[in-house]
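I open this notebook to keep track of what I looked up, residue by residue. The entries follow the order in which I went through the loops.

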Amino acid sequence: QVQLVETGGGLAQPGASLRLSCVVSGFTLKYYSMHWYRQIQGNSREPVATVMGDGRTTYADSVKGRFTISRDNAKKTVYLQMNSLKPEDTAVYFCYRSSGNIWGQGTQVTVSS
């Protein structure tokens, strides 16, 4: 069974850092591009970052220079390192595999003083 499980969300102050993890199961991670999306309350989900099978990455303009997506195929894990967090980063963050339209359950990130 293909499954994505996100962890690492929580409450952070502006300017702080958090690292999200997405542990995958049921498939071989190295063969797939993986994505992080987020959903701000009342809005539709928006792409945040992508890491391709060859390691290339892309980012939304709103997070470029602050967030870093990475993968550890041996650990079956995709990461999102979030630095210099802003209140507008508050959202539910989802791990996503586009092939097969597979979503994780999401993890809440709240940035507030």
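Before placing anything in a loop I needed the strands, which are DSSP runs of E with at least two residues, numbered from the N terminus. The model I am reading is a predicted one.

Entry on K76. I found K76 in the loop between strand 7 and strand 8, the latter spanning 77-82. Its phi is near 55°, which is a positive value in a residue other than glycine. I then asked myself whether K76 is buried or exposed. With a relative accessibility of 45%, K76 falls in between and counts as partly exposed, because that class lies between the cut-offs of 20% and 50%.

Entry on R66. I located R66 in the loop that runs between strand 6 (57-59) and strand 7 (67-72). R66 has a relative accessibility of 11%, so I noted it as buried. Leaving aside residues up to four places away in sequence, I listed what R66 touches: Q81, M82, N83, S84, L85, K86 and D89. Which backbone atom does the side chain of R66 reach? I traced it to the backbone oxygen of S84, at 3.0 Å.

Entry on S84. That contact led me on to S84, whose place is in the loop between strand 8 and strand 9 (91-97). I wrote down that S84, although not a glycine, has a positive phi of about 50°. At 39% relative accessibility S84 counts as partly exposed, whereas R66, whose side chain reaches its backbone oxygen, counts as buried.

Conventions
Residues are numbered from 1 along each chain as its sequence is written. This is a predicted model: local features need pLDDT of at least 70, side-chain atom pairs count only at pLDDT 80 or more; totals for chains, interfaces and linings use all residues. Side-chain values use heavy atoms; hydrogens and water are left out. Helices (H or I, at least four residues) and strands (E, at least two) are DSSP runs, numbered from the N terminus. Buried means under 20% relative accessible area, exposed over 50%, partly exposed in between (1.4 Å probe, protein chains only). A polar contact is a pair of N or O atoms within 3.5 Å; within protein, one must be able to donate a hydrogen and the other to accept it, and residues adjacent in sequence count only if both atoms are side-chain atoms. Contact means heavy atoms within 4.5 Å.
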